[in-house]
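Welcome! Please take a moment with the sequence and the 3D view, and then we can walk through them together.

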Amino acid sequence: MPLILASTSPYRRELLARLRLSFDTQRPEVDETPLPGESPTALVARLALAKAMAVAGGRPGDWVIGSDQVAELDGRPLGKPGDRERAMAQLAAMSGRTVAFRTAVALVGPEGRQLAALDTTTVRFRMLARDEIARYVDNEQPFDCAGSFKSEGLGIALFAAIESRDPTALIGLPLIATAGLLREAGFALP
């Protein structure tokens with residue numbers, strides 16, 4: 001069965017490759033702007049499905065995976081910072097705080113079949129001094145990452161603790177949930 005990852009994220013591509021299934025990637029054209037009053041949980045679920053649907057529309061016989069991640073602080077979504085100043089501000093806001101990272105995955109298949117899952121990972125940040133934040137941001141440049149860090153890299157040094165059912169969710173694709181959805185769709189996995 002053809003499988004497409006609706007993403008150009010190298011992080012998601014590397015994660016999905018761990019499942020040893022053949023797949024292609026395609027960029028989904030989706031507006032990621034939150035809707036008025038939309039909760040971070042609703043936002044991430046909507047975007048994961050929208051990404052999968054955007055690609056599935058042109059590939060009716062294929063299975064398409066869409067995923068999205070949003071950091072939630074004080075009930076508000078934090079997206080990808082895009083630049084140094086926003087990354088510094090996000091990390092300063094999270095210093096000493098607990099942040100929920102919502103990662104959704106959607107699988108869309110033939111005849112419009114839809115499967116979805118949501119993972120929540122809680123990250124407790126240690127108290128971060130401004131110079132620590134600057135050193136981190138300058139070293140890793142996490143401008144394309146929700147929450148302004150890469151947990152698989154130097155970003156792990158920013159944390160006091162991580163609570164998660166799936167350690168891959170924080171990187172961008174919850175593989176435990178993804179593997180479950182793929183098995184439900186008929187893919188052969190161990």
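What percentage of the 190 residues of the chain count as buried? In this predicted model, the share that counts as buried is 49%. The points below go from the overall form to the cores, one helix and the salt bridges.

**Overall form**

- The chain has five helices and seven strands, and from the N terminus on they follow the order β-α-β-α-β-β-α-β-β-α-β-α.
- A compact globule of 190 residues would have a radius of gyration near 16 Å, and the 17 Å of this chain agrees with that.
- Taken along the principal axes, the C-alpha atoms fill a box of roughly 50 × 40 × 25 Å.
- Many contacts reach far along the sequence: among those between residues at least 6 apart, 67% join residues at least 24 apart.
- About 9,100 Å² of the chain is exposed, and 51% of this area comes from carbon and sulfur atoms.

**Nonpolar cores**

- The largest nonpolar core has 23 residues, and Leu3, Ile65, Leu107 and Leu182 have the most contacts inside it.
- At least two residues of this core come from each of strand 1, helix 1, strand 3, strand 5 and helix 5.
- Helix 5 gives the most, with five residues.
- Leaving aside residues up to four places away in sequence, Leu182 touches Leu3, Leu19, Leu21, Ile65, Leu107, Phe187 and Leu189.
- Another core, of 20 residues, lies apart from this one and has Leu73, Leu78, Phe101 and Val137 among its residues.

**A look at helix 2**

- Helix 2 covers residues 40-56; at 1.5 Å a residue, its 17 residues should span 24 Å, and the end C-alpha atoms are indeed 24 Å apart.
- Its buried residues are Pro40, Leu43, Val44, Leu47, Ala48, Lys51, Ala52, Val55 and Ala56.
- A helix turn helps in reading that list: an α-helix has 3.6 residues a turn, so residues three or four places apart point the same way.
- The buried residues of helix 2 pack against strand 1, helix 1, strand 3, strand 4, strand 5 and strand 6.

**Salt bridges**

- How many salt bridges does a search of the whole structure find? The search finds 11.
- Arginine 59 pairs with aspartate 62, their closest N and O atoms being 2.8 Å apart. Arginine 59 counts as partly exposed because its relative accessibility is 27%, whereas aspartate 62, at 12%, counts as buried.
- Arginine 97 and aspartate 74 meet in a salt bridge at 2.4 Å, N to O. This pair links distant parts of the chain, 23 residues apart: arginine 97 is in the loop between helix 3 and strand 5, and aspartate 74 is in the loop between strand 3 and strand 4. Both residues are partly exposed, arginine 97 at 31% and aspartate 74 at 49%.
- Arginine 165 and aspartate 119 form a salt bridge at 3.6 Å, N to O. Arginine 165 lies in the loop between strand 7 and helix 5 while aspartate 119 lies in strand 6, so the pair ties together parts that are 46 residues apart in sequence. Arginine 165 is exposed, with a relative accessible area of 62%, but aspartate 119 is buried at 3%.
- Glu32, Lys51 and Asp68 are joined into one network by salt bridges that share partners.

How values were computed
Residues numbered from 1 in each chain as written. Predicted model: local features only at pLDDT ≥ 70, side-chain atom pairs only at ≥ 80, totals over all residues. Heavy atoms only, no water. Salt bridge = Lys/Arg side-chain N within 4 Å of Asp/Glu carboxyl O. Buried < 20%, exposed > 50% of the residue type's maximum accessible area, 1.4 Å probe, protein only. Helix = DSSP H or I, 4+ residues; strand = E, 2+ residues; numbered from the N terminus. Expected span 1.5 Å × (residues − 1). Contact = heavy atoms within 4.5 Å. Rg over C-alpha atoms; globule rule 2.2 N^0.38 Å. Areas by Shrake-Rupley, 256 points an atom, 1.4 Å probe, with all protein chains shown as cover. Core = buried A, V, L, I, M, F, W, Y, C linked by side-chain atoms within 4.5 Å.
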